[in-house]
Amino acid sequence: MIRINENYLKLKPSYLFSEISTRVAAFQEANPAKEIIRLGIGDVTRALPKACIDAFHKAVDEMAFDSTFKGYGPEQGYAFLREKIALSDYQARGADIRSDEIFVSDGAKGDTANIQEIFSADIRIAIPDPVYPVYLDTNVMAGRAGNPDDGRYSAIVYLDSTDKNHFIPDLPKENVDLIYLCFPNNPTGATITKDQLKPFVDYARQNKALILYDAAYEAFIKDENLPRSIYEIEGAREVAIEFRSFSKTAGFTGTRCAFTVVPKDCRAYDAAGKKHLLHAFWNRRQTTKFNGVSYPVQKAAEAIYSDAGTIQVKELIHYYMNNASLIRQSMQSLGYACAGGENSPYIWVKTGLDSWEFFDMLLNKAGVVCTPGAGFGRCGQGYIRISAFNSHENVARAMEKIMKI
Ligand code: MLT
């Protein structure tokens with residue numbers, strides 16, 4: 001008898017962003033004439049930077065000739081891209097990361113979802129609340145989360161991020177083996193300072209734990225004093241894996257390119273306490289299950305680091321961050337307390353009402369789609385997340401419509 005993975009029965013019936021799409025589609029069907037402005041899922045709307053498009057075209061043309069055609073590439077990514085990443089994103093900021101510690105992939109969602117399979121099934125996990133749902137759901141699927149209990153899972157240690165701690169969770173009070181962190185944060189938009197991040201690194205070192213650090217939104221950091229990478233913190237190489245993405249940085253949500261950094265001295269242990277290096281484990285996983293990102297896409301990503309690409313990406317980020325300022329100012333002018341939007345494309349708005357009710361109200365009365373905070377966890381109840389990823393015109397119109405209700 002074929003049997004299912006019963007852990008799937010413990011999941012919420014649908015993934016947060018699928019649930020939102022379903023509700024929005026139903027609303028649109030019932031109100032075909034109504035204009036809908038989407039500030040829900042963080043999906044970019046502007047074209048790829050010209051430097052990326054030029055490199056993309058050129059690489060596609062190379063595929064048209066036997067002499068320049070490329071078949072399978074290295075599963076870890078082409079050296080031309082990995083070297084640029086190591087140099088520009090890490091070494092230039094004083095973070096000691098080498099190109100062979102970078103694994104190019106087709107998205108940080110997949111990488112943050114897949115990474116848990118290299119760890120034991122019985123480790124104890126700390127997950128912030130609210131949280132990007134992928135970290136939690138993939139551990140539920142793997143059977144690590146325990147049973148659902150009043151909106152939470154019995155075996156997970158939740159790190160509450162609330163306005164009381166400015167959305168920076170405290171260290172776990174009990175022993176955990178794995179800690180998920182995301183800064184700039186999705187969904188709260190909060191950022192972390194080096195002094196606030198250091199205790200997490202120290203905790204991981206002292207407790208033989210590991211940190212999974214999602215830095216997919218680092219390009220939106222304007223404040224030069226904030227760390228863009230966990231490897232800017234001393235001692236992090238041994239205890240942290242970092243995830244980055246070109247999706248929001250350079251408009252690659254549909255093009256797909258990201259990377260994961262596993263330093264060669266990053267470690268975990270077996271049941272007997274023997275140390276193992278995670279680089280070899282992730283390499284084994286990727287070479288078995290993944291055949292790399294296409295050559296033209298990696299060429300397009302490489303162009304982000306060219307002189308023209310750097311300028312164009314900055315302009316793109318600036319464009320969305322203007323939207324973020326407008327959203328933050330508009331919501332504050334209506335009397336709502338807001339986090340995020342200053343070094344992040346997400347604005348976390350305290351509504352004081354049930355998140356899903358507020359979501360429905362914005363959709364019905366203003367035709368604006370946001371993301372209900374409760375979808376990210378219990379601590380998100382009473383909040384909504386508004387995304388800055390849309391055109392200026394649409395964001396301005398959305399704010400006007402919200403002001404009117
Ligand atoms: C979000 O809206 O939280 C993101 O777009 C989701 C993702 O990057 O997968």
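**Loops, helices and a ligand site**

Guide: His-166 lies in the loop between strand S6 (156–160) and strand S7. Strands here are DSSP E runs of at least two residues, helices H or I runs of at least four, numbered from the N terminus. This is a predicted model: local features need pLDDT of at least 70, side-chain atom pairs 80 or more, and totals for chains, interfaces and linings use all residues. Residues are numbered from 1 along each chain as its sequence is written, and side-chain values use heavy atoms, without hydrogens or water.

Visitor: What makes His-166 stand out in phi?

Guide: Its phi is positive, about 55 degrees, and His-166 is not a glycine. Most residues other than glycine have a negative phi, and most peptide bonds are trans.

Visitor: Which peptide bonds are cis?

Guide: Asp-129 to Pro-130 is one, with omega about 5 degrees. Pro-130 sits in the loop between strand S3 (125–129) and helix H5 (133–141). Asn-186 to Pro-187 is another, with omega about 20 degrees. Pro-187 is in the loop between strand S7 (178–182) and helix H6 (194–206).

Visitor: Why is Asn-186 listed around the ligand?

Guide: Because a residue counts as near when one of its heavy atoms lies within 4 Å. Asn-186 is among the residues around the ligand, including Phe-17, Lys-109 and Tyr-346. By class, this shell has five nonpolar, two polar and three charged residues. Ala, Val, Leu, Ile, Met, Phe, Trp, Tyr, Cys and Pro count as nonpolar, Asp, Glu, Lys and Arg as charged, the others as polar.

Visitor: What makes the Gly-42 approach a polar contact?

Guide: The cut-off is 3.5 Å between N or O atoms. A backbone N or O atom of Gly-42 is 2.6 Å from a ligand oxygen, so the pair qualifies. A side-chain N or O atom of Tyr-132 also lies 2.6 Å from a ligand oxygen. For a polar side-chain atom of Arg-385, the distance is 2.7 Å. The protein covers 85% of the ligand's own 270 Å² of accessible area (Shrake-Rupley, 1.4 Å probe).

Visitor: Why is H10 called roughly parallel to H12?

Guide: Helices H10 (residues 307–333) and H12 (residues 392–404) pack at about 5 degrees, axes 10 Å apart. Angles under 35 degrees count as roughly parallel, so H10 is roughly parallel to H12. The contact (heavy atoms within 4.5 Å) includes Leu-326 of H10 and Met-399 of H12.

Conventions: Polar contact = N/O pair within 3.5 Å; in protein donor to acceptor, adjacent residues only side chain to side chain. Axes fitted to C-alpha atoms, helices over the stretch in contact; angles between N-to-C directions. Parallel < 35°, antiparallel > 145°, perpendicular 65-115°, else oblique.
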